[in-house]
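Student: Please take a close look at a single part of this structure, starting from one loop and working along the chain from there. I would then like to see how that part compares with other regions, in one connected account.

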Amino acid sequence: MFKSKQFFGALLILGLSTSVVAQNEQRPLTVTDIMKFRSIDDASLSDNGKWLGYSAEPDRGDATFYVQSVSSDVRYQVERGTSGYFSDDSQFVAISQKPALLTLEKVSKKARKDLKNELTVINLVTGEKHHFLDVEDFQLHANGPWLAFSQPLKKKEEKKKQKDAEAEENKSDGKQDYLALDIDSGSDKETPEKSAENAEQKAADEEAPELFNKKQINKSLTLVNLTNGEQQVIEHVDQFKFSPELAVIAYSLSSKDGKDNGLQLLELGAADAKAVVVKENASFTQLSWNEEGDTLAYLQGDFSEKAERRSHQLALLDAKKGKVKTVKLDKNLPDLTSPYVPAVSKLVWSQDDERLFFGFKSLPAEKPEMAKIESQDDLFDIERLTSDRGLQVWHGEDPLIKTNEKFQYNRDKKHSYQAVYHVSKNKVVPLAGKDIPYLRATENEQAMIASSDLKYRKLRTWEGFFSDFYLVDLDDGEAKLIKEKLSSYNDMKVSESGRYVAYYDQGHIWVWDSRKDRHQNISEGMQVSFADEDHDYPSKVPGYGIAGWMEDDEGFFAYDKFDIWFFSADGDDKNCLTCDMGRVEKRQFRINIEDQDHDFFDEEQTLLLTSYNDAKKNFGFYQLALESNTLTRLVEEDKKFEYLATAEDADAILYTREDFNEFPDLWVSQHNFSDARKLTDVNPQKDEFLWGDAELVEWTSTMGEPHQGVLIKPANYVEGQTYPVLVYYYRLFSQRMYEFNAMKVNHRPNFPFYSSNGYAIFLPDVHFEIGSVGQSTNKSILPGIQKIIDMGVADKDAIGLHGHSWSGYQTLFSITETDMFAAAVSGAPVSNMTSAYSGIRLGTGLARQFQYEKGQSRIGASMFERRDLYIENSPVFFAERINTPLLMQFGDIDDAVPWQQGVEMYLAMRRLGKEVIFLQYEGEPHHLKKYPNKVDYTIKMKQYFDHYLKGAPAPEWMTKGEAYSE
């Protein structure tokens, strides 16, 4: 027999109905049920389009990786698999496996760092599996049966235990696996000679610990022939890289004494490697093969230098001839303080193998070391004393306030200026530098876009982010100014020849001709606007974007709210490619880029478009044939479709389909959608639960504007019966009409959790008026709530309001103006704009002033210009009007909204004798990260609404609070 009190309490905590649910009937969701729902991650198609790989990961628990045939029932399942990689020939797939959650929870945080991933490789032709333990990094050869992976070097007893464990596992599983061999072929017994050698090495390491990077040298490389299982182990390997075309692997060695450090090439299947470079204490990093696979680029440095001052030479290895060419850098780099190439600089080849991109920076200045204190006078040395001061000087003319300067400084330390090495010309060209630091790298062979925000950093405080933009010639590095003070996020695109740049500015589409230095407004006089029609901020209106250029500078594509337009470079030719179905039907078209390696559109190309109907909120796929300018509907339903990928060598696309009741499983189809097939069903348990249904609701706000929202009716909805309603909102939410709610436990209310437990959920759009954002909330949502009351769905006495961050603020303000809500929950809200205005966003160190003047808070003026608006939009000043019970939640290291904003509102309501509870989650940022806290808040939120909206008994934390305890 159940212990009734404990059982009833468990039901309340988990959100279970106390009614008896008959076997095989659908039941309400619990918090534990939410934890077990899985999401799909890392989905991909093999290049031949015959195999699908994806990870299915529950909100709480271990992921499973699946590899399944697109055309048959063959499917492989790998427990704890999180990511998978197909070989280019589609014969093998390698799957990385994380340690089990149970294992992680059992050990200390320190011990978790020592746990390594496992690796499973499947031969998709034979079905044979290979399993390896303690894998740090791995690679599959593109076109051959070869696997390479690294492991930490282990002590003898650890290796023996691992080998025994692997053998036992494969014996019990009955798999035909090939295990990682013992890394050391010697005896387990330590000889006197070995002992002396170890002691000598330990003493050398202790004498000069800065010489060697232990993480790099204490690894082994294992090469596996996946056809016959033969293995080859090489110790003390730093980095390794297969050639994408040749049967060759390059790797770098770092021996413990540093004497045998070098770069080696090994022909796959051969016993011995060829030493390309051998140099004492040398390091070899960033190994990067060109597309042809015959030239290896790498950086050569020296472990004997301190890491932060370790400069590197750029070198190229001709793999066929075995010759090394060192690229001379210094004389070609701009006038920086000791320019050098850092070890972390990525080496990136262009697709035609003609250009190699890398980064460089200034060597940091060495801090002078003070002499040791040797006399009494040294104790009173002012210079010595003040050199150890802890001080930051905030000057009114600083470009950045100190907190943001610190954030920028840490970013700049990691930032490298981009340069290019022209291989055929043997020429290095810097493309960025201290005056123009940022480059947008593309596959354009002639020119790229660079930018500098240095002149406008002070404006970050109150206006926003701006940059000057430049066109940089790849051949000589010359930078020509395109335009000053545009948004730092401006979507510029360069034509194939590098002559023209298309961009958006002040509501129009512009083209800059670099030869004539001429800007032309090519959308001037057109009836359609290219500015964001839904922009309701007091900042400059952004555009919808430039989709890209055609080959040979023929023209480019740009977006308005609904349609795709073609413009010639001179602006004489303007064609709307989708206008027959776009704006006239409120259907938005956007291009899916299927070939990420191709920067320009071909006039014979057929584009895959995604459509979104802004009136009905549904999605679809269309084709646009550029040569004939023909738009064809492929599929369009009352669903949301999302494009994911296209197979490289087959007519196969991967996408998802969803609605409120349909999880976004993976679908595969040819481009004509005649054979669309659903390939996954990762949450079959969904049918066990009560869920609910979504519908679109329309109303007119008190501002006289049409509004839309989504009403989710509770499961087993009965016409004419009223229900408690949870209102959740932010800005525009009606586009979520056909979205399957993310089944996560977090700071947001889970919609199916509430709808399956007898709630209706309402997601209203909010439109804002600049200067009166607080009042805009109720002007938008209250008529919408009245609409669902009039529909007979909402119980007018049982309506709850929930918001987080920006909508957390809206929630606070809303309840100062209305008593419509029976209870409100507000997460991380601003309560006082006058104190928040000059606060700091701790995550970035940015001042919050820009957010109020130009951004989300939409005041449109400084506090010194319109102090009245800051007061009128601050709910803390009107707390005496609140009659709604309020639950607030904050993390006390919130990096976006100062958590003291919650304290201000709590203290005001406490002083006024209002019903308020404040949940302070310790060590949490703006969104809860720790799973126990997510679960706790989810439960408390549900209990709070259950009490005020459904009359459930209040738990003790609501009636008595909780005492502080250590």
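**From a surface loop to a helix, and beyond**

Tutor: L379 lies in the loop between β23 (355-362) and α8. What follows concerns a predicted model, and every value in it should be read as computed from that model. With a relative accessibility of 42%, L379 counts as partly exposed, because the figure falls between the 20% below which a residue is called buried and the 50% above which a residue is called exposed. L379 is joined by I373 and F380 in a nonpolar patch on the surface, and the accessible area of these residues together comes to about 330 Å².

Following the chain onward, one reaches the loop between α8 (382-387) and α9 (402-414), where E397 is placed. E397 makes a salt bridge with K458, and the closest N and O atoms of the two are 3.2 Å apart. K458 sits in the loop between β27 (447-452) and β28 (466-473), 61 residues away from E397, and the pair thus links distant parts of the chain. The partners differ in their cover: E397, at 59% relative accessibility, counts as exposed, whereas K458, at 28%, counts as partly exposed.

The next element is α9 itself, which has 13 residues and reaches 19 Å from its first C-alpha to its last, close to the 18 Å expected at 1.5 Å a residue. Within α9, the residues K402, N404 and Q408 are buried. These residues cover an arc of only 145° around the axis, which puts them on the same side of α9. An α-helix has 3.6 residues a turn, so residues three or four places apart point the same way. K406, Y409 and K414, on the other side of α9, are exposed. The cover over the buried residues of α9 includes β26 (438-440) and β53 (846-847).

A second helix offers a useful comparison, namely α17 (residues 931-950). Its 20 residues should span 28 Å at 1.5 Å a residue, and its end C-alpha atoms are 27 Å apart, which agrees with that expectation. Helix α17 is mostly covered, with 15 of its 20 residues buried. Just after α17, G951 takes a positive phi of about 75°.

The link between E397 and K458 can also be set beside other charged pairs, for the structure holds 41 salt bridges. One of them joins the side chains of R60 and E105, at 3.7 Å from N to O. Because R60 lies in the loop between β2 (51-58) and β3 (64-69) and E105 in helix α3 (residues 101-106), this pair ties together parts that are 45 residues apart in sequence. Both ends have some access to the surface: R60, at 35% relative accessibility, counts as partly exposed, and E105, at 43%, counts as partly exposed as well.

Another salt bridge brings together the side chains of R731 and D536, at 3.3 Å from N to O. R731 lies in the loop between β48 (723-728) and α10 (751-755), and D536 in the loop between β33 (518-521) and β34 (546-549), so the pair ties together parts that are 195 residues apart in sequence. Here R731 is buried, and D536 is buried too. Salt bridges also link E637, K639, R657, D659 and E662 in a network.

Turning from charged pairs to covered strand positions, consider β10 (residues 146-152), where L147 is found. L147 is buried, with a relative accessible area of 0%. Not counting residues up to four places away in sequence, L147 touches a set of residues that includes L119, F132, L140, L223 and F242. The C-alpha atoms of L147 and N225 are separated by 6.7 Å, although the two are 78 residues apart along the chain. Q151 is found in β10 as well, and is buried with a relative accessible area of 1%. Q151 and L221, 70 residues apart in sequence, are 6.7 Å apart from C-alpha to C-alpha.

A last strand position is N592, in β38 (residues 587-592). N592 counts as buried, because its relative accessible area of 15% is under the 20% limit. Leaving aside neighbours within four places in sequence, N592 is in contact with L608, L609, T610, F621 and Y643.

How values were computed:
Residues numbered from 1 in each chain as written. Predicted model: local features only at pLDDT ≥ 70, side-chain atom pairs only at ≥ 80, totals over all residues. Heavy atoms only, no water. Helix = DSSP H or I, 4+ residues; strand = E, 2+ residues; numbered from the N terminus. Buried < 20%, exposed > 50% of the residue type's maximum accessible area, 1.4 Å probe, protein only. Contact = heavy atoms within 4.5 Å. Salt bridge = Lys/Arg side-chain N within 4 Å of Asp/Glu carboxyl O. Expected span 1.5 Å × (residues − 1). Arc of directions from axis to C-beta. Patch = residues over 30% accessible without salt bridge, like charges linked within 9 Å, V, L, I, M, F, W, Y side chains within 5 Å. Areas by Shrake-Rupley, 256 points an atom, 1.4 Å probe, with all protein chains shown as cover.
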